Amino acid sequence: MKSLHLRKIIVILLFISVFFQGFAQQNISVPLEDPVYTILDFAMIRTYCETMHNARPYTVKTILELLNQILDNDKVPIKEKKLVQDTIERLQPKTVPAELSGKQTALYVLKNGFYVWEGGKRIPSRIRIGGSWESDLHTNFNAPNISSTHWLDLYIKGDIGNNFSYNVNGGGAIIKLDVQSKSEGKPDSYAPNTFTQNWDGFLYLLKQLADYDGLTNDISAGFRFLPEFGLRLWDGKAGINFSRVRRDWGTGDGNLALSKTARPFTALDIYIRPLPWISLSALTGSLEYFNSEGLKESSKKFQNNLTSLMAELFISDIAYIGFTSSVVWTKRFELGYMNPGMLPLFYQNNIGDFDNLYSGLALGINIPKYAKFYYNIYIDELVPQADNFFHDPRKGILSWQTGAKVPVPMAGIFSLFTMQYTKVERYMYTHPMLSTPWYSEKMDTNYLNHGEPLGYKLKPNSDELKIAFRIVPFWYLNIDTIYTLVHHGVDYGSRKIPGSSYNARYNEMWTTEADANPTLYRYKDFLKDGVYEWIHSAGVSANFDMRAVKNIPITLRLGYTLSYTHHTEFINGGFKQAQSDEYKNRFGNYVSLSIKVY
């Protein structure tokens, strides 16, 4: 029996050694903020390369394959091909030249911030060890506030064979935030709707390391880990990724189900595209609590997993249909939600209504070479046959989005113009506290992770008009220019509108308080049913990789945003300045600077 068992193990090992042949181009993801995604959006609309599924981020190998398709396309101008070739060289995994001596190798590592080892005869492998330092500064000149973070990150990443890659990393930081109003959940030195925590868990107060906080003015220490393990199968037609990264699912510039602004969380992602016209993406992962009331009190009510499934149908190069089903479910051993072939929308009916369920539909029309138009809707609660559907907040708790992306051909430059409108209705992404058979406490299943929305970065009862122009003129430079107008029903003060914050619970519309004041709780008329913020923001940001200048291993990012916020009420048929002194108009001149070494 022992010899038979040993033979089985040998057979399995031989299979693995045959399966993982050759060196890899890395099967871990490229971060969502990389400008290569602007290049790919441009190229897909211009039909320079194949259209990919909309579950991002993509792996390094997938992106390199798409870029090589652009190079092989005879329709692409020479100058654009030159930029694509430079981008491939930037993303291509680097090695330490074998001919370097010991001293030269040390100088190479010091200059580039990493060391690479390659070896293995039966199973070739590559290990890259390195690190980076990054300092970020944010300030608002209209109210001299400064927030700063200073990160040291270390990593070990590499490949085992051709199909498996890993990235194990960790970082520590010294952090000083300027938080004048914790109720707003952001430091005041960040432009409106741009702040996101870049640390995990909570902040350690340096004056007393035994003390923790979610947001604090005190000098603090923070940590972060973004590990990733990726397996590529069947020449890229399928993949499995176990990681803790930011994700972006959908066709918009920021999306309703999973948005690029959402905090990372640990999940198992599965992707399969058996045919060019259909794809399936699925994930199940664990969400993270925000320390607002202490470690125990905050976490015991927020013990959630997230399952999301996205099926996409590509009809030639002309049309697109996507369906999304997601559920936030309290932690337990629930195999049905973990099954990537089972829709949460239907599976909840099999096990009981103890979870927070969402469903979405996406439609797209492409005019090849010229534009892409899209419409997305994401639904929590919907009663479409109800009377007064558009003015009763109990009948439609949802968000929707429509927009267009237009490539702007310029000699040797990849540029993309985007116009997009997003609406988030009252109480969207919230949920009543739930009693479940598995917990003695009532549980919080809001559509949040670490205190921030998983979906689009707008509070409930908001809308946004976004106009963006993104250009990549060189491999070492990209520039984003963005204007947004956000309307939001106030969630503070004596005139606050129910359902306008993540702390709201939509079951409050059925309370005795709502019975006593039905106009406030059970009637909505966007912009006309109370006091609203109008937040105008116009900003420009640029990334510059100084490797283009004598190979200096520093990346600079500089941004500026001018913002103006005023408050209105709808009085006598017109919008007037809000009458209460609680709602003051304000200007903001926001500047951000980031310096990253390696």
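Among contacts in the protein chain between residues at least 6 apart in sequence, what percentage join residues at least 24 apart? In this predicted model, the figure is 64%. Keep that in mind as we walk through the fold.

Let's start with the overall build. The protein chain holds ten helices and 27 strands. Its C-alpha trace spans about 80 × 65 × 60 Å along the principal axes. A compact globule of 598 residues would have a radius of gyration near 25 Å, and the protein chain agrees with this because its own value is 25 Å.

Next, take a look at the surface. About 27600 Å² of the protein chain is accessible, and carbon and sulfur atoms account for 63% of that area. The chain carries 62 positive and 58 negative charges, and the mean positions of these two sets lie 6 Å apart.

Now let's move inside, where 52% of the 598 residues count as buried. In soluble globular proteins, nonpolar side chains tend to be buried together. Here the largest nonpolar core has 33 residues, and the members that touch the most others are Phe265, Leu306, Tyr378, Tyr429 and Tyr447. Strand 12 (265-275) and strand 14 (304-315) each supply at least two residues of this core.

Leu306 is a good place to pause. Leaving aside residues up to four places away in sequence, the partners that Leu306 touches include Leu258, Phe265, Leu283, Trp329, Tyr447 and Leu454. Also among them are Thr284, Gly285 and Ser326.

Finally, there is a second core to visit. This separate core has 27 residues, including Ala43, Val84, Phe414 and Val472.

Conventions
Residues numbered from 1 in each chain as written. Predicted model: local features only at pLDDT ≥ 70, side-chain atom pairs only at ≥ 80, totals over all residues. Heavy atoms only, no water. Helix = DSSP H or I, 4+ residues; strand = E, 2+ residues; numbered from the N terminus. Rg over C-alpha atoms; globule rule 2.2 N^0.38 Å. Buried < 20%, exposed > 50% of the residue type's maximum accessible area, 1.4 Å probe, protein only. Contact = heavy atoms within 4.5 Å. Areas by Shrake-Rupley, 256 points an atom, 1.4 Å probe, with all protein chains shown as cover. Lys, Arg positive; Asp, Glu negative; His and termini not counted. Charge placed at Lys NZ, Arg CZ, Asp CG, Glu CD. Core = buried A, V, L, I, M, F, W, Y, C linked by side-chain atoms within 4.5 Å.
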